[in-house]
Amino acid sequence: MAAKRVSSLLLSRSFTSSLASRLTGGKSACQARAISRYSTAAALEEPIKPPVNVEYTKLLINGQFVDAASGKTFPTLDPRTGEVIAHVAEGDAEDVNRAVAAARKAFDEGPWPRLTAYDRQRILLRFADLVEKHNDEIAALETWDNGKPYEQAAKIEVPMFVRLMRYYAGWADKIHGMTVPADGPYHVQTLHEPIGVAGQIIPWNFPLLMYAWKVGPALACGNTVVLKTAEQTPLSALYVTKLLHEAGLPSGVLNVVSGFGPTAGAALCSHMDVDKLAFTGSTETGKIILELSARSNLKPVTLELGGKSPFIVCEDADVDNAVELAHFALFFNQGQCCCAGSRTYVHERVYDEFVEKATARALKRSVGDPFRQEIEQGPQVDSEQFEKILRYIRAGVDSGATLETGGDRLGEKGYYIKPTVFSNVQDDMPIAKEEIFGPVQSILKFKDLDEVIRRANSSRYGLAAGVFTQNLDTANRLMRALRAGTVWINCFDTFDAAIPFGGYKMSGQGREKGEYSLKNYLQVKAVVTPLKNPAWL
Amino acid sequence: MAVQSNGNGSLDSRVKVPVPQIKFTKLFINGEFVDSVSGKTFQTIDPRNREVIAEIAEGNKEDVDLAVKAAREAFDNGPWPRLPGFERRKIMMKFADLIDENNEELATLETIDAGKLFFLCKIMEIPGAAETIRYYAGAADKIHGETLKMSTALQGYTLHEPVGVVGHIIPWNFPSQMFAMKVGPALAAGCTMVVKPAEQTPLSALYYAHLAKLAGIPDGVLNVVTGFGQTAGAAISSHTDIDMVSFTGSTEVGRLVMQAAATSNLKPVCLELGGKSPILIFDDADVDKVTELALQGTLFNKGEICVAGSRVFVQEGIYDKFLLKLKEKVKNWVVGDPFDPTSHQGPQVNKKQYDRILSYIELGKKEGATLFHGGKPGDRKGYYIEPTIFTDVTDEMTIAQEEIFGPVMSVFKFKTVEEAIKRANATKYGLAAGVMTNDINIANTVARSIRAGAIWINCYFAFDRDSPYGGYKMSGFGRDMGMDGLKKYLVVKAVATPIYNSPWL
């Protein structure tokens, strides 16, 4: 996900396409049509056969692949076609109970927390090596299940997964408590101990990376885990967890339960034997999770939730570069990023030129079978998301925003949506307030910094923000004024392992990645003992 | 303290000068003001008029021995390191309050002893000293070690212990600030210490010793030995019962201090030394603002500041405008009695510095730099020198290479960012740098490229209690101020003990 690499990957191509798409509305549509067209060919062609077989479809509990207690399965679908890839064991409360029991035993009695940190590190490093070795198969599974461009999965996401695991492996033997000055003759120290059994619920937009963000620090700190994957994308987690066991992970340390939120997810959240919960997903679900945790055993919760992140193009911006970065900030991963720059605020001085060029750029975006080379955008993950995005597009039109380009599905099959740009968007329109999670760019006009700060912050979300300016004073001002967990200045989606990520306001609580993420999986014990005749205090 | 005219003929009659009675002139050892063992004294001089202010006890090796003995006893057996941090904090807070209560008297001492601007001492330096003591007072109960992640079944932790008896050797250019930034963290850490102030400016340190005693700092914890570098300073640096030396001064003397430490007991040293700091002004900068910053950056405190921006690099596109503005502004720069509130610049600290600066100015002319402004001694009795600006300076000229420590600016022209970085770094020093640009990319690049301990972007002298300060290269090592400034007075002890049947490792 390193933005630099992604954008260079996306920038270095020119695309041609055989079929023109119909454009509705938008003042620059005619001009834009002359520049380029959507690539619909791939969407209509026979889908490319993924270069991988689905080997693992069962639950992974206590080191074994097992069927669901109920025997039920659910289909996971290919978003390119809506066809079934595989039937996956459907975990429910009983399966979660089994998984938690295994994790509990592995924590309370098993070797994992009792291994030296060095040994835990070695296992995580071996795991990283194995994932690296199987890079292409894993990337293919990810693309097949999720619809994201294969090049993105193979060249960015799987390598980033490996990078993250190595990063956390290195933390394992550097987890420090403190010695603490006392007000009297006492020796005081703190121990940073693993919390115990962690329940982790991850989303479908970056299945592997979310796995790494959650499983990496939990294991490095010596916890055991029950992981519930998203029902849309269960495949890659099962594959890599198999590799993790090959790397030497003891049984029961990491259990993977595929299944649905209201059943498996809810069971994990309410479980009295789960000591910690981490969730990435929507703000609505986040609320339920916090509530279930409160009602059960008050387990601490880390939440990474929705966003409606502003991307602010300032007066001094070089428009061409701003357009490219703003385009990337929104459209990356089919717009399915919680931190997507989905409110593009553009200074009035450059607004008209920006809208024209942003439209042209969206028109040039190559959409098609994600297994095809040089494709920038694949299908949305499933029909639910697909329909939701189309509803938002209609709401945008209905509320009076100008549809510059896109606005409709692409092709007849699968969940492809044309890259869509709205201009003249007002702050109170649904497309400016709510998380669309799709390839829909909303462009808003602003006059001065005070105004854009106020408007950018008037959101219930606060996940990220983009700032585009060369002016140091402007950058310094916005950097502090924006109420968001990440501010990217002249870059976007830069996701190094060491950079903490998380939300302000209703975008969540806690931070993942970086040293900060360790705190989520450690609890602090203060140990106090008297000192006799100390030489110093 | 009465406020009256001091009868100094060189001063405008409307300026009222408070004349303090000099209360403390003896060495402060083990909580008492005492004569030196030899009975010798030296004179401290008012740089405004070259008159003697007072006779000061001249500490020597024997006196340093006595001071170290007191400090050793206070550390090994006394209460100070054994007090809980919050108790040390309380006493240090009281010390800071006493400094504030005696602000005017301390400011006056500083001005007559060092020639510093009275009003700045009053509003900035003396309050600054009190604030620094408070900052470190607050740190006294926040000194943490770590518990460790051992690779076998061991419980491991670190203790950050006070290093022991510290020797502080401080300079004459900021006697109060230097005193506070050295003594403050050492006190917070639980160390005991021997302070040697500069022989040019012994007065305020003795006054601080008196206030420290009033505040309740136990006898022997803080000792002040006034005297000279070759005698008292050398005795501190080579003392085998001093555990660490912290020195601020010239690079030449820094080398001697380190040598003495090496040949005696290998005590760790922390050195804050000279500088030849660049100010880089880029084409997009606001001319008015940067001219002011460059002028202050060079002339502040008569140029007697180790971070003086004595090499001003100006990009060619703004160069002419900069010089024009500089000419205009430097005309309004007033050299005069430091008690006069309209003065921007007082006298240099003593004759030696005065002569040295004038000889550098001559050298600049001789080596072919263009004297753009000033260059002459002031027309008063004291050690006054005109603010001096050279243009057409080349990098290899002596005035571009050596620390002048006076009100002398050298202006250079450059073309590209890369060239500016290369030339700015072409010095044996690395103390500070100014970067004047509003372009975020230039600022980011230059901030990382300059090999110096402090980078000030669109500001200069942005000192702060919480901001560590110190040199790269031959400008020294170790940091004063901030929590890094506290670390050097602590030594780390690792403790390990076996653990059995631990549920986690």
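What share of the contacts in chain A between residues at least 6 apart in sequence join residues at least 24 apart? The share is 75%, where contact means heavy atoms within 4.5 Å.

This is a predicted model: local features need pLDDT of at least 70, side-chain atom pairs count only at pLDDT 80 or more, and totals for chains, interfaces and linings use all residues. Residues are numbered from 1 along each chain as its sequence is written, chains are lettered from A and ligands numbered from 1 in the order in which they are written, and side-chain values use heavy atoms, with hydrogens and water left out.

**Chain A overall**

Chain A has 17 helices and 20 strands. These are DSSP runs, numbered from the N terminus: helices are H or I of at least four residues, strands are E of at least two. The C-alpha trace spans about 80 × 55 × 40 Å along its principal axes. With 537 residues, a compact globule would have a radius of gyration near 24 Å, and chain A agrees at 24 Å. That radius is taken over C-alpha atoms, and the globule rule is 2.2 Å times the number of residues to the power 0.38.

Of the 537 residues in chain A, 62% are buried. Buried means under 20% relative accessible area, exposed over 50%, and partly exposed in between (1.4 Å probe, protein chains only). Chain A exposes about 19400 Å², with carbon and sulfur atoms supplying 51% of it. Accessible areas come from the Shrake-Rupley method with a 1.4 Å probe; for residues, only the protein chains shown count as cover.

**The annotated domain**

UniProt, in unreviewed entries, lists "domain: Aldehyde dehydrogenase" for chain A and for chain B. Positions are given in the numbering used here, feature names are shortened, and annotations may be inferred rather than shown by experiment.

| Domain residues | Helix | Strand | Distance between end C-alpha atoms |
|---|---|---|---|
| 65-527 of chain A | 40% | 20% | 42 Å |
| 33-495 of chain B | 41% | 20% | 41 Å |

**A sheet across both chains**

Six strands form an open sheet in the order β20(A)-β6(A)-β5(A)-β7(B)-β8(B)-β22(B), with antiparallel pairing. The edge strands are β20 (522-530) of chain A and β22 (490-498) of chain B, and each pairs on one side only. The twist averages 20° from one strand to the next. Two strands pair if DSSP finds at least two bridges between them.

β6 (residues 186-194) of chain A pairs with β20(A) in the antiparallel sense over nine bridges. There, A:Q189 stands opposite A:V527.

**A hairpin in chain B**

β5(B) and β6 (residues 51-57) of chain B pair in the antiparallel sense over six bridges. B:F42 stands opposite B:I56 in β6(B). Four residues lie between the strands of this hairpin, and B:R50 takes a positive phi near 65°.

In a regular strand the side chains alternate between the two faces of the sheet. β5 (residues 41-46) of chain B shows such alternation. B:F42, B:T44 and B:D46 point to one face and are buried; B:T41, B:Q43 and B:I45 point to the other and are not.

**Two buried residues in chain B**

UniProt lists B:E272 for "active site" in an unreviewed entry. B:E272 lies in β13 (residues 269-272) of chain B. Its relative accessibility is 2%, so B:E272 counts as buried. Leaving aside neighbours within four places in sequence, its contacts include B:K182, B:F247, B:Y469 and B:R479.

B:S176 lies in helix α5 (residues 175-189) of chain B. B:S176 counts as buried because its relative accessibility is 0%. Not counting residues up to four places away in sequence, B:S176 touches B:E110, B:E125, B:I126, B:A129, B:S204 and B:Y208.

Notes. Axes are lines fitted to C-alpha atoms, for helices over the stretch in contact, and angles run from 0 to 180 degrees between N-to-C directions.
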